[in-house]
Amino acid sequence: MKKDDVSEMSRRTFLTAASAAALTPLFGAAGNQDLALHGGRPVRSTPLTTQFEGANFIDDKEKMEVAEVVESRNLFRFYGFTKPEKARNFELDFARFIGVKYGLAVTSGTAALHVALNALGVGPGDEVILPAWAWYSCYNAILLTGALPVFAETNESFTMDPEDLEKKITPQTKVVMPVHVFGSPAEMDKILAIARDHNLKVLEDSAEACGCLYKGKRTGSMGDISIFSFQVQKMITSGEGGAVVMNDPHLYERAIRFRDLGQVRPVFQGPLGPHDGAPGLVGLNYRMNEETGAIIGAQLAKLETMLTSQRQKYQYLHTCLSGLKGLKLRASNDIQGEIGIAFDVILPSKTLRDKFLEAMTAENVPMSIISASVVLPIMTYIETKQSPHPQWPSFNTPRGSAMRYGAECCPRTVDIWNRAATLSVGPKYGDHDLKDIVSAVTKVHAALLS
C-alpha cells in the first residue's frame with residue numbers, strides 16, 4: 001500500500017463516519033438493522049480470508065534451491081557427494097540479518113528453545129521466568145530441563161510486564177524469557193535492565209517476530225541467546241525449522257554440541273577454533289537438513305520486501321482505527337518496529353468482545369479470539385503440574401511443590417485475554433481488503449460501543 005492510500009482513507013474520515021453512526025442508541029433498532037448480524041447488508045459479499053505470511057511468497061526461487069539439493073543428492077548437511085552448503089549458508093546469512101555473530105539452524109522453534117536453555121546451563125534447582133501469555137513450547141522446554149517455570153503477568157501489549165517480572169525473581173532464578181508475540185516486541189529496555197541488576201541471563205523468544213524491531217534493533221539481537229521458528233504460520237517458513245542466535249562463543253559451542261549429540265563438526269571449528277570433534281557433553285539431534293535449509297534460505301532473501309509490505313498494511317489499519325471510543329488497540333512497545341501480522345484490539349468486557357466477534361464475522365471480516373498464543377497457567381496439564389515422570393525434579397522441591405499455577409497466578413493476564421480479539425493481516429491483502437476491514441470495524445463499533 002502506498003502512503004497516499006493512508007491519507008486517502010484517513011483516520012479522520014472514518015472517525016467522522018463512526019461518530020455519525022454513534023447517534024444510534026446502543027443495541028437500538030436502527031443499529032440492529034445496519035449490522036449484518038441482524039439482517040443488514042454485510043460489508044463484504046464473501047468472507048475475507050487470511051493467508052499465511054511466508055508461505056504465500058513461495059515461488060520458483062524455493063523450487064530452484066530445493067532442486068539443487070535433490071540434483072546434488074546432498075540431503076544431509078555435513079557431508080555428501082559434494083560439499084553441502086544450504087543450511088550453513090542460511091546460518092551465516094541469518095546471523096547477519098539479525099545482527100549477531102553466530103546462528104545455528106535447528107529442526108523447529110521448540111528445538112531451538114531446548115537448545116538455548118541447555119546452552120545456558122539451565123537444570124534442576126533453577127527457575128526460569130516466562131510470560132503467562134505465550135506458547136506451549138516455552139513452558140514445555142523449561143520443564144524438560146528439570147527447571148521450574150515461573151509465570152509473570154503480561155500487560156496490554158500482550159508481552160511480559162517488567163514490573164511483575166521483578167516481583168517474581170528469587171535466588172533460584174537463572175533465566176528470564178521474554179516472548180515477542182504476533183510480530184510485536186516486548187519492552188526489552190526494562191527487561192534487560194532488571195536482568196542485569198539481578199545477574200540473570202535473557203533468552204529472547206522471537207518465534208513469532210522474525211524481522212521485528214525494538215528501538216532500531218532486531219528482536220533476537222538483545223538477549224544472551226535467542227530463538228526463532230520457521231513453522232508454516234511464521235513470517236518466513238520452511239514448514240518446520242528454527243534457529244538459535246547469540247554473540248557469546250561459549251554459548252555457541254554449547255548450543256552446537258547439544259544440537260548434535262555433543263559433537264563439534266569441522267564446519268564449526270573455523271569460528272570456534274580447533275576441536276577434536278569428539279562429544280563434549282550430552283546432546284540430542286536437532287540438526288536442520290539441506291532441503292529445509294534451501295527453502296528457508298530462499299525465504300530469508302525475500303524477507304525485507306515482505307516486511308515492508310506487511311508493515312505498510314498494519315500502519316494503515318492502525319492509523320485509521322486508533323481512537324475509537326471503547327475499542328483499545330493492543331499497546332505497542334515500538335509501533336514502527338512491529339511486523340504487523342495481526343491487528344489486535346481489547347474490548348471493555350468479555351461479553352462485548354464475544355458480541356464484537358460475532359458481528360465482525362457476520363460482516364464477512366471475521367475476527368477471532370487469540371489462538372497463536374495461549375494463557376499457559378490455566379491449561380489443565382500445567383495447572384495440575386503434570387511432568388514426564390513422578391520423580392521429575394521441577395516440582396519435587398519445597399519451592400516446586402509450593403508453586404501454584406492456574407488463574408490465581410495471573411489474574412490480569414486472564415482478564416486481558418478474555419477481552420482481546422485479533423484479525424490476522426494477510427500478506428497479500430489489497431487496498432480494497434484493507435478498506436473493508438476499516439469499514440467493518442467502524443460499523444460494528446458504531447453499533448455496539450458508541
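**Figure 1. K86 and E68 meet through their side chains in a salt bridge, at 2.6 Å from N to O.** Welcome to this predicted model; we start with a pair that links distant parts of the chain. K86 belongs to helix 5 (residues 86-98) and E68 to helix 4, and the two are 18 residues apart. Their surroundings are worth a look too: K86 is buried, with a relative accessible area of 13%, while E68 counts as partly exposed at 37% relative accessibility. The pair also has company, as salt bridges with shared partners join K61, E65, E68 and K86 into one network.

**Figure 2. A salt bridge joins K302 to E62.** Here the closest N and O atoms are 2.7 Å apart. K302 lies in helix 12 (residues 290-321) and E62 in helix 4 (residues 60-72), so this pair ties together parts that are 240 residues apart in sequence. Are these two residues buried or exposed? K302 counts as buried because its relative accessibility, 15%, falls under the 20% cut-off. E62 counts as buried as well, with a relative accessibility of 3%. If you would like to browse further, a search of the whole structure finds 29 salt bridges.

**Figure 3. E187 and K190 form a salt bridge.** In this close-up, the closest N and O atoms of the pair are 3.4 Å apart. K190 has a relative accessibility of 46% and counts as partly exposed.

**Figure 4. Helix 7 (residues 136-144) and its buried residues.** Zoom in on this helix and you will find S137, C138, Y139, A141, I142 and L143 buried. What do they pack against? Their neighbours include two helices, namely helix 6 (109-119) and helix 14 (380-383). The buried residues also pack against strand 2 (127-131), strand 3 (133-134), strand 4 (148-152) and strand 6 (201-205). A useful reminder when viewing helices: an α-helix has 3.6 residues a turn, so residues three or four places apart point the same way. After helix 7 comes G146, which has a positive phi, near 90°.

**Figure 5. C212, a cysteine in no disulfide.** How many disulfides does a search of the whole structure find? The count is 0. For C212, the nearest cysteine sulfur belongs to C210 and is 9.9 Å away. That distance can be set against the cut-off for a disulfide, which asks for two cysteine sulfur atoms within 2.5 Å. C212 is buried, with a relative accessible area of 0%. Another cysteine to visit is C320, also buried at a relative accessible area of 0%.

Methods. Residues are numbered from 1 along each chain as its sequence is written. This is a predicted model: local features need pLDDT of at least 70, side-chain atom pairs count only at pLDDT 80 or more; totals for chains, interfaces and linings use all residues. Side-chain values use heavy atoms; hydrogens and water are left out. A salt bridge is a side-chain nitrogen of Lys or Arg within 4 Å of a carboxyl oxygen of Asp or Glu. Helices (H or I, at least four residues) and strands (E, at least two) are DSSP runs, numbered from the N terminus. Buried means under 20% relative accessible area, exposed over 50%, partly exposed in between (1.4 Å probe, protein chains only). Contact means heavy atoms within 4.5 Å.
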